[in-house]
Amino acid sequence: MSSDHVTWVVTTDSATCRIYQYSRKTAHLLLLKELTHPENKLRDIDLTSDKPGHYKSSHNTHGAYSQQSDPKEIKIENFSREIATALDQGRNIHAYENLIIIAASHMKGLLFQHINRHVKDLVTHSIEKDLIHLPHQELLDFLRVHTQYSDES
């Protein structure tokens with residue numbers, strides 16, 4: 001990685017995303033943006049306002065209407081779209097040339113569904129780990145160990 005290339009690092013879980021600017025040469029990590037959706041940590045029952053509706057048919061049968069989709073999963077998917085939009089906006093203004101994505105497998109999968117191919121082309125490392133809660137210095141240490149570039153000596 002040459003010194004003039006700007007690398008962004010994305011660490012995310014289902015409720016929090018942090019976007020950093022990373023310099024391996026100077027061992028520096030700068031928080032650029034934090035996106036949060038604390039409601040994504042709520043239980044499904046807390047996300048829906050009331051119980052499912054009930055019905056009674058003419059044949060003396062009863063039942064309950066059920067939701068077709070998991071409300072929590074919908075919120076998490078919307079959050080991954082928001083992250084993808086932020087990454088594309090950064091790419092459009094040439095804010096970074098390289099991208100490192102660190103996320104648990106489910107969130108990483110959702111994120112890769114929503115980022116476009118231009119952003120995907122900038123991904124140099126994709127790491128399946130939930131490191132959102134690592135302290136700043138530990139994240140920096142992790143990056144130093146796990147992000148080797150072929151043009152470095």
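A polar contact is a pair of N or O atoms within 3.5 Å, of which, within protein, one must be able to donate a hydrogen and the other to accept it. In this predicted model, such a contact, of 2.8 Å, joins the side chains of Asp88 and Asn116. Asp88 is a residue of helix H2. Its relative accessibility is 19%, so Asp88 counts as buried, the limit being under 20%. Apart from neighbours within four places in sequence, Asp88 is in contact with Asn116 and Val119.

**Sheet**

The strand order in the open, five-stranded sheet is E3-E2-E1-E6-E7, with mixed pairing. The edges are taken by strand E3 (28-36) and strand E7 (123-128); each has a single partner strand, so one side of each has no neighbour in the sheet. From one strand to the next the twist averages 15°. Strand E6 (residues 98-103) pairs with E7 in the parallel sense, over five bridges. Ile101 stands opposite Ser126 in E7.

**Helix H2**

Helix H2 (residues 71-92) packs on this sheet, where it touches strand E1 (7-12), strand E2 (16-23), E3 and E6. The direction of H2 makes about 175° with that of E1. With 22 residues at 1.5 Å a residue, H2 should span 32 Å, and this agrees with its end C-alpha atoms, which are 32 Å apart. Buried residues of H2 include Pro71, Ile76, Phe79, Ile83, Leu87 and Gly90. Just after the helix, His94 takes a positive phi of about 60°.

**Salt bridges**

The structure holds five salt bridges, among them the following.

| Pair | Closest N to O distance |
|---|---|
| Arg81 and Glu77 | 3.3 Å |
| Arg91 and Asp88 | 3.0 Å |
| Lys108 and Glu128 | 3.1 Å |

Arg81 and Glu77 are four residues apart in helix H2, so about one helical turn separates them. Arg81 counts as partly exposed at 38% relative accessibility, and Glu77 also counts as partly exposed, at 23%. Arg91 and Asp88 are three residues apart in H2, which again means a separation of about one helical turn. Asp88 thus takes part in a salt bridge with Arg91 and in the polar contact with Asn116.

The pair Lys108 and Glu128 meets through side chains and links distant parts of the chain: Lys108 is in helix H3 (residues 105-114) and Glu128 in strand E7, 20 residues apart. Lys108 counts as buried at 15% relative accessibility, whereas Glu128 counts as partly exposed at 49%.

Terms used
Residues numbered from 1 in each chain as written. Predicted model: local features only at pLDDT ≥ 70, side-chain atom pairs only at ≥ 80, totals over all residues. Heavy atoms only, no water. Pairing = 2+ DSSP bridges. Helix = DSSP H or I, 4+ residues; strand = E, 2+ residues; numbered from the N terminus. Axes fitted to C-alpha atoms, helices over the stretch in contact; angles between N-to-C directions. Contact = heavy atoms within 4.5 Å. Buried < 20%, exposed > 50% of the residue type's maximum accessible area, 1.4 Å probe, protein only. Expected span 1.5 Å × (residues − 1). Salt bridge = Lys/Arg side-chain N within 4 Å of Asp/Glu carboxyl O.
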